[in-house]
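Here are my notes on the model you sent, set out as numbered points. Please read them with the sequence and the structure open beside you.

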Amino acid sequence: MTSTPALVINTSNAPMVKANIDRRPVGAKDVRVAIAYSGICHSDVHQARSEWGNDIFPMVPGHEIIGHVVEVGADVTKFKVGDTVGVGVFVNSCRECDACKSNLESYCERGPVGSYNGYDYNGEVQYGGYSKEIVTDEHFVLRISDGVDLAECAPLLCAGITVYSPLRHWNAGPGKKVAILGMGGLGHLAVKFAVAMGAEVTVLGHSLAKKADAIAFGATDYRSTADEQTYVDLAKKFDFILNTTSADIPIDGLLGLIKFDGALVFVGLPVESQSFNVFGVTSQRRSISGSQVGGQIEVQEMLDFAAEHNIGASIELLDATDPASIDAAWNRVVDADVRYRFVIDASTI
Ligand SMILES: [Zn+2]
Ligand SMILES: [Zn+2]
């Protein structure tokens, strides 16, 4: 074991404190990463505040990790000391089920191992990226291209792949009309990726407050879901709508904006069950679906695509010298008061 500084939450809702945690010795297939930046994801807050259940304390959140390789195990083939790398939402999967064999580790039937707030199959508790070092199997380590802004890259490891994977699956590209519902941490990256893929992108927001940003990111239109005229003007317009919000949404109205055979796809996670009028899907053979982060090959494809198209998150960089500043940032995440993603400078942990 080696000891590394981290931001630790000792019990549900407790303030963050600095403390040392143990990382496992570097195994034959492991990579030790010195963390440079760690993004803040809303799921960090949900889990540390026991809003999803199954929380394990003490907890070190963080699954948007960027750093540099400082040690490799004897059987590591993909990486060498000095490489710039990322670690995302998952750090292990069974490698044997149909999903794993299809490079869809995130849908592993045994259940993939989360980067924090979970146990590996051998019972080892997992601590995430709000720390100075992490030790991870090379299969779950990603290559970061030269020249990429590393702080802006960090949020791609969760938020980026969460929106990239469904955009690819539902074929966002030239000739396709895509609506992004909500423009927060997930939504702003969805706009950037969908535009780079060549789709015509409209943002649907609760208000018009972020319209100028959306247009700057490449969207061609921005409409309010609170305006009845939106449902008239945009009827049957979209090939699909990507819902990046975790709020309750007007599903019946939104289905009316979707073309024949189109889809309403959830990536945001509303707490309450959602309901809809079945006529809204049967009348135009529409689908309602959902998606989460992709498998490792797709995460790498997303990072390479982002580097090629100069896509990074729009961020506020945080200094963790006083851990209370990270708690304050979490409160702003809950209030949706961030444009558009917080990233912790790990050198200050
Ligand atoms: Zn996340
Ligand atoms: Zn599996």
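1. A definition is needed before the helix packing can be discussed: axes are lines fitted to C-alpha atoms, for helices over the stretch in contact, and angles run from 0 to 180 degrees between N-to-C directions. Please also keep in mind throughout that this is a predicted model.

2. With that convention, helix 4 (residues 159-169) and helix 10 (residues 296-308) pack at an angle of about 100°, and their axes lie 10 Å apart. Helix 4 is therefore roughly perpendicular to helix 10, because angles of 65 to 115 degrees count as roughly perpendicular.

3. As for the residues that form this packing, helix 4 contributes Gly160, Ile161, Tyr164, Ser165 and Arg168, which meet Glu298, Val299, Glu301, Met302 and Phe305 in helix 10. By character, the residues of the contact of helix 4 with helix 10 divide into five nonpolar, two polar and three charged.

4. Turning to the metal, the zinc ion (ligand 1) is coordinated by the SG atom of Cys41, the NE2 atom of His63 and the SG atom of Cys158, at 2.0 to 2.2 Å. Along the chain, the donors of the zinc ion (ligand 1) follow the spacing C-x21-H-x94-C. Cys41, in the loop between strand 3 (30-39) and helix 1 (42-48), and His63, in the loop between helix 1 and strand 4 (65-72), are 22 residues apart, and the pair links distant parts of the chain.

5. Are these two zinc donors, Cys41 and His63, buried or exposed? Cys41 has 9% relative accessibility and so counts as buried, and His63, with a relative accessible area of 6%, is buried as well; the cut-off behind both statements is under 20% relative accessible area.

6. A further residue to inspect is Asp137, whose place is in strand 8 (residues 133-137). At 15% relative accessibility Asp137 counts as buried, and, when residues up to four places away in sequence are not counted, Asp137 touches Arg24, Lys29, Asp30, Val91 and Arg95.

7. For the protein as a whole, the secondary structure comes to eleven helices and 17 strands, and the C-alpha trace spans about 60 × 40 × 40 Å along its principal axes. The radius of gyration is 20 Å, which agrees with the value near 20 Å that a compact globule of 349 residues would have. Buried residues make up 55% of the 349 residues, while residues 24 or more positions apart account for 69% of the contacts with a separation of 6 or more.

Note on methods. Residues are numbered from 1 along each chain as its sequence is written. Chains are lettered from A and ligands numbered from 1 in the order in which they are written. This is a predicted model: local features need pLDDT of at least 70, side-chain atom pairs count only at pLDDT 80 or more; totals for chains, interfaces and linings use all residues. Side-chain values use heavy atoms; hydrogens and water are left out. Donors are N, O and S atoms within 2.8 Å of the metal (3.2 Å for Na, K and Ca); water is not among the atoms, so sites may look incomplete. Helices (H or I, at least four residues) and strands (E, at least two) are DSSP runs, numbered from the N terminus. Buried means under 20% relative accessible area, exposed over 50%, partly exposed in between (1.4 Å probe, protein chains only). Angles under 35 degrees count as roughly parallel, over 145 as roughly antiparallel, 65 to 115 as roughly perpendicular and the rest as oblique. Contact means heavy atoms within 4.5 Å. Ala, Val, Leu, Ile, Met, Phe, Trp, Tyr, Cys and Pro count as nonpolar, Asp, Glu, Lys and Arg as charged, and the others, Gly among them, as polar. The radius of gyration is taken over C-alpha atoms; the globule rule is 2.2 Å times the number of residues to the power 0.38.
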